[in-house]
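Biologist: Hey, got a minute to walk me through this one? Pull it up and start wherever you like.

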Amino acid sequence: MSNPMIEFKHVKKVYPGGIVALQDMNLRVDKGEFIFVLGHSGAGKSTFLKLILHEETATEGQIMVNGYDLTKIKSRQIPYLRRSLGVVFQDFRLIPTMTAYENVAFAMRVTNIPERQIRSRVPYVLNLVGLRKKARSFPPEMSGGEQQRVALARALVHSPPIIIADEPTGNIDPELSVEIMELLTAINKVGITVVVVTHEQDLAAQFHKRTVTIDHGAVVSDVGGETAVAPSEVEVIR
Ligand SMILES: Nc1ncnc2c1ncn2[C@@H]1O[C@H](COP(=O)(O)OP(=O)(O)OP(=O)(O)O)[C@@H](O)[C@H]1O
Ligand SMILES: [Mg+2]
């Protein structure tokens with residue numbers, strides 16, 4: 001039996017003012033899956049991610065993420081939930097006055113990880129995303145693709161079982177987009193569950209992964225996909 005990493009059961013989300021962002025969202029993502037979530041503007045993609053991150057709460061229904069029942073989660077558990085989710089945003093969200101190294105190290109410092117561990121982990125994750133030589137560069141000196149790779153290194157720093165990317169290629173050139181997608185594929189190959197939200201249908205089509213389309217706050221199609229779990233290789237990134 002595979003384990004669900006993310007499960008939405010009859011989830012409804014109504015924002016203040018009565019806007020229904022999700023109507024009846026049902027979706028299960030198993031450990032080791034790679035999925036694209038496609039949908040037009042306003043379909044509910046960001047709402048779906050905000051619910052996973054527990055930045056918003058469901059109005060109705062049940063959400064399970066990495067073993068946490070988000071309808072019952074205690075506030076002291078929320079930092080643990082968030083640490084188990086590596087997130088990459090369209091606009092990178094790097095600190096421009098910090099080097100690539102410092103941006104990644106900062107994500108560890110805020111969780112009180114000892115400096116010695118930071119000094120070994122940061123070069124390791126920067127190397128994983130192919131940025132060892134750019135450790136001392138500042139974000140404004142880097143290309144969009146490089147900045148997104150720093151953001152990905154930062155997302156990997158706590159060895160999360162799930163990586164979530166919200167329009168990760170929205171601000172980068174098409175050739176570099178493929179590079180980021182290939183990195184996400186490599187990350188998935190070692191057993192990390194990957195969820196990529198995008199409105200770029202062509203990008204999703206190129207990678208032959210499970211593609212879930214949402215429209216007006218519900219899943220309207222769910223096609224393709226192969227599960228790539230290789231538990232023996234999981235330690236490579238951990
Ligand atoms: N905080 C909020 N308050 C009220 N309505 C909201 C809020 N956030 C989103 N909505 C509404 O909920 C619906 C779904 O929005 P959502 O941001 O999830 O869409 P999306 O698929 O991410 O769109 P986009 O591709 O433009 O980012 C939209 O009608 C939007 O206007
Ligand atoms: Mg959005």
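Modeller: Sure, and keep in mind that this is a predicted model. Let's begin with a strand pair: strand 4 (residues 60-65) runs antiparallel to strand 5, and two bridges join them.

Biologist: Which residue is the bridge partner of Met64 in strand 5?

Modeller: That's Asp69.

Biologist: And what order do the strands take in the sheet?

Modeller: The order is 2-1-4-5, an open sheet of four strands with antiparallel pairing. Strand 2 (19-30) and strand 5 (68-69) are at the edges with a single partner strand each, so one side of each has no neighbour in the sheet.

Biologist: OK, switching to helices. What's the span of helix 4 (residues 115-128), end to end?

Modeller: Its end C-alpha atoms are 20 Å apart. That agrees with what you'd expect, because 14 residues at 1.5 Å a residue should span 20 Å.

Biologist: Which of the helix 4 residues are buried?

Modeller: Val122, Val125 and Leu126. Helix 3 (100-109) and helix 5 (144-156) are among the things covering them.

Biologist: What comes just after helix 4?

Modeller: Gly130, with a positive phi of about 75°.

Biologist: Now the big picture. How is the protein divided into domains?

Modeller: Domain 1 is 1-84 + 161-238, and domain 2 is 94-159. Twelve residues from domain 1 and 13 residues from domain 2 make the contact.

Biologist: Which helix gives the most on the domain 1 side?

Modeller: Helix 6 (residues 174-189), with four residues. By class, that side of domain 1 has seven nonpolar, four charged and one polar.

Notes:
Residues are numbered from 1 along each chain as its sequence is written. Chains are lettered from A and ligands numbered from 1 in the order in which they are written. This is a predicted model: local features need pLDDT of at least 70, side-chain atom pairs count only at pLDDT 80 or more; totals for chains, interfaces and linings use all residues. Domain bounds come from an automatic or database domain assignment. Two residues are in contact if their C-beta atoms, placed from the backbone, lie within 7 Å. Ala, Val, Leu, Ile, Met, Phe, Trp, Tyr, Cys and Pro count as nonpolar, Asp, Glu, Lys and Arg as charged, and the others, Gly among them, as polar. The expected span of a helix is 1.5 Å times one less than its number of residues. A residue is buried if 20 or more other C-beta atoms lie within 10 Å of its own, exposed if 12 or fewer, and partly exposed in between; C-beta atoms are placed from the backbone. Two strands pair if DSSP finds at least two bridges between them.
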